[in-house]
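Hi,

Here is the structure I promised to pass on. Have a look at it first, and then read on for my notes.

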Amino acid sequence: MIAQFIDGPLWTFSLSVFLIGVIWRIVTILMAGNRKDLATPRGSASAGAVRTVFSRSIYERSAATRGRLLLIAGYLFHIGLFALLFFAQPHIDFIAERITGLGWTAMPHWAFILSAELAFLGLLLLWIHRLLSPVTRLLSDLDDHLGSILVFLVMLTGCLALAQSFESLRLIHLLSAELLLIYFPFSKLMHTFTFILSRGYTGATMGRKGVNA
Amino acid sequence: MNGGSNHSLVGHGVKTTVIRLLLLWLFALPLETVADTKESRGLPSTMVLNPAAELWRDVRQRDMPTSGTSQVRGVDSGVLINANGDKWRKFRMQQLIPIGGYLLLGIIVGLTLFYLVRGKVKIVAGASDRKLPRYTSYERLIHWFMASIFLFLAITGLIILFGRPLLIPIFGKEIFSVIASASKEGHNLMGPLFMVALILVFVKFVRRNIYQKGDMSWLLRGGGIIGKKHVPSNFFNMGEKSMFWMLVLVGSVIVVSGLVLIFPVFGQSREWMELAHVGHAIGAILMIGVILGHIYIGSVGMEGAIDGMKNGYCDLNWAKEHHDLWATQMEKRGEAIANEDVNRFSDPDTNESLGRELREAGK
Amino acid sequence: MARMKFYCDPERCIECNACVTACKNENEVPWGVNRRRVVTINDGDEGERSLSVACMHCSDAPCATVCPVDCFYTTQDGVVLHDKDICIGCGYCFYACPFGAPQFPEDGAFATRGKMDKCTFCAGGPEADNSSAEHRKYGSNRLAEGKLPLCAEMCSTKALLAGDADTISEIYRKRIINRSASVMARGVSYRDASFRAPYNSAAGKSSAKE
């Protein structure tokens, strides 16, 4: 009974909350608009926007010496999670079956496991650092902790269900993912989508001024 | 004679009968000869030896390799009898599980008794008003990273090892198989992260764990755990150093054997897998035992022990009592910091820049 | 009740692998898994002997002893079976088995093995007899239909015998007696009359080569 609930109504509900919530938040950000810049543009805003969206993926010089561990952990976690989410065979099958109707090529199984390991490594290092370092410990609020816990739970339950043979483990993983989806639009996890807006905005403003940001 | 179809012995002429008797006698001759061959002389016919008797005797006594070839492809498919399998089974079921189980149980009971008798090791001079910086942020990070990975691996590993005798009676087979599958998958996936943690810990702490003068006498005096006599020590005392080297050496055995076990794809035979399992299990039980002691001291066993790992600073008097040589050195260098100053670093009311950052962030 | 066993007569086995093929076909065994295999010792030399090996359905099965989730059970006929729903694919039964009977359908890193599969004496598994679930997971259940395993039925030389242990040993005993009697006509013992040259452990190979 709980199984049918998790697979059925709760899935639909969580997916709807996620989609509607994300779209709503992005729309409100865009609708907020920006002050018109009356100065003569010295360069292209759109080119600057596109440039900055990609250029900010490269780290800033001082991070390589002063924040090296966190820098590496950050990359490991994000790249690993992205690979896991969209290129692991079980996830592609799930999305193809329930959302898009069609799938795409998955990465080989060993790459799936490797991404999981790297993502876990990054997440654990980042999370423990957040709890230990006095600065981040003071800065972190409920939103931060809840987001960390939920993402960790989803990854852990996914790891436990890796044998793909036990229905209860799959359902626990799906349930934690649904809770994450419901929480997503109301939290800072929205940076998954808003990073494009913020990077683009900075790049556009700077691009208009003729500066490479 | 008649040229007819009648072939019975009876009703024929004498000549036919004689010929037939002759043939019968001719046939009977070899029977007599066989009855006289040296193999069957004195032996009933069922005792004639199997021509491959020696082959199978040698196979059974393992005097010849118990393997041949097979059309079925596989690493061990030509092996007829895996003799080590039974040795391994006996080791796991009759030695590892009972002895390992009682050993760990004994350590837990022993630690409990020790606490009840000795009590918490207090700071004799009482907590001082100054602290020494002990561990940096990075060192604490990799320690707790290692600790969380180790705890996860230890619990999942113990579930796989002791689950059948201890947990199946509680949960039943269906639920336990879910727990066991989750433990196996989790254990196999997190294993390589232990390797990463081990390397990080080794690189960071190896310099302070090299044997120094005074370590042996510390060990011989038992570190002063019994009684209140003061025993000098460096940054790490001999107990901690021994634990570090045990962690690194036994941990390496566990890592290497674990890698052999989770990658059965490199053509290793069952013998290698069994050997890896034995090393992995013995190493793990030993390590869990030692870490139980480590956790005991760090938590309830000793006052002031965990502070260094929690916020990076340790009490000055604690350092003077347990790591005398290091503490006096640090004090001489002026590294001792007053308690208020330590808290100030993380108190926004006194730390101006921190307070400003927090306000700007809207906290 | 019967005590089901296999017996393979190495004097008759001609390594035709009909047993292997019959089993794989009848039980629709997954890719890469062979429940039964024929092992040949001294292949190519005189003194060559072949033996068909699958699960021996041991009375005191080491696989059952060592399984961390206790998924094995022995039926009333002495057939050792296991429950694939409980199996976690750890591989310990494969390490413990002297005959290498347990097989695994996947060969992945991180010990991803999939559920263990092995010879069931054509007796299916814990699912309902001859149900589609049972056939999908464990292969055919011939024993429930009163038949014997297909490997033994298909053996071209009747080297592989399967059935109640008493019956099989009686059959084999009679064979031994008949072997001795059938070569009495040639005035030699079976040892010298066998179409296979005998094995000489002292020389390490057969005496016929010298």
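To start you off: which residues of H7(B) are buried? The list runs Met238(B), Glu240(B), Lys241(B), Leu247(B), Gly251(B), Ile254(B), Val255(B), Ser257(B), Gly258(B), Leu261(B) and Ile262(B). Before going further, please keep in mind that this is a predicted model.

Staying with that helix, H7 of chain B covers residues 238-262. Its 25 residues should span 36 Å at 1.5 Å a residue, and the end C-alpha atoms are 35 Å apart, so the two figures agree. As for what covers its buried residues, look at H5, helix H6 (215-220) and H8 of chain B, which are among the elements that do so.

H8 turns up again in a helix pair. Helix H3 of chain B (residues 83-118) packs with helix H8 of chain B (residues 270-301), and the axes are 11 Å apart at an angle of about 5°. Angles under 35 degrees count as roughly parallel, so that is what H3(B) is to H8(B). Sorted by class, this contact has 16 nonpolar residues, six polar ones and three charged ones.

Now chain B in general. Its secondary structure comes to 13 helices and four strands. The chain has 363 residues, and buried ones make up 29% of them. If you take the contacts in chain B between residues at least 6 apart in sequence, 66% of them join residues at least 24 apart.

One spot to click on in chain B is Gly334(B), in the loop between helix H11 (324-332) and strand E4 (337-338). Is it buried or exposed? A residue with 12 or fewer C-beta neighbours inside 10 Å is exposed, and Gly334(B) has 7, so it counts as exposed. Gly334(B) is also 80 Å from Arg57(B) in space, C-alpha to C-alpha, with their positions 277 residues apart in sequence.

On to chain A, which has 11 helices and zero strands. From the N terminus on, its elements therefore read α-α-α-α-α-α-α-α-α-α-α. The C-alpha trace of chain A spans about 65 × 40 × 35 Å along its principal axes. Of its 213 residues, 28% count as buried. For contacts in chain A between residues at least 6 apart in sequence, the share that joins residues at least 24 apart is 74%.

The helix I would look at in chain A is H10 (residues 167-183). It has 17 residues and reaches 24 Å from its first C-alpha to its last, close to the 24 Å expected at 1.5 Å a residue. Why can H10(A) be called largely enclosed by the rest of the structure? Because 12 of its 17 residues are buried. Among them are Leu169(A), Arg170(A), Ile172(A), His173(A), Glu178(A) and Tyr183(A). The cover over the buried residues of H10(A) includes helix H1 (2-7), helix H2 (9-32) and helix H9 (142-160) of chain A, together with H5 of chain B.

That brings us to where chains A and B touch. How many residues does each chain put into the contact? Chain B puts in 22 residues and chain A 24 residues. On the chain B side, helix H4 (137-166) and helix H5 (168-205) each supply at least two residues. H5(B) gives the most to that side, with nine residues. By class, the side of chain B that touches chain A has 14 nonpolar, five polar and three charged residues.

Next, the cores. In soluble globular proteins, nonpolar side chains tend to be buried together. Here the largest nonpolar core has 129 residues, and the ones with the most contacts inside it are Ala119(A), Cys93(C), Cys151(C) and Leu160(C). Helix H7 of chain A (residues 109-132) gives the most to this core, with 13 residues. Apart from that core lies another, of eight residues, including Leu132(B), Tyr313(B), Cys314(B) and Leu316(B).

Back to Leu160(C): leaving out residues up to four places away in sequence, it touches Phe6(C), Cys8(C), Cys19(C), Ser52(C), Cys151(C), Ala152(C) and Cys155(C).

Last, a loop in chain C. Gln76(C) sits between strand E4 (72-74) and strand E5 (80-82). With 9 other C-beta atoms within 10 Å, Gln76(C) is exposed. Gln76(C) and Arg3(C) are 73 residues apart in sequence, and 8.0 Å apart in space, C-alpha to C-alpha.

Cheers

Note on methods
Residues numbered from 1 in each chain as written. Chains lettered and ligands numbered in written order. Predicted model: local features only at pLDDT ≥ 70, side-chain atom pairs only at ≥ 80, totals over all residues. Core = buried A, V, L, I, M, F, W, Y, C linked by C-beta atoms within 7 Å. Buried ≥ 20, exposed ≤ 12 C-beta atoms within 10 Å, placed from the backbone. Contact = placed C-beta atoms within 7 Å. Nonpolar A, V, L, I, M, F, W, Y, C, P; charged D, E, K, R; others polar. Expected span 1.5 Å × (residues − 1). Axes fitted to C-alpha atoms, helices over the stretch in contact; angles between N-to-C directions. Parallel < 35°, antiparallel > 145°, perpendicular 65-115°, else oblique.
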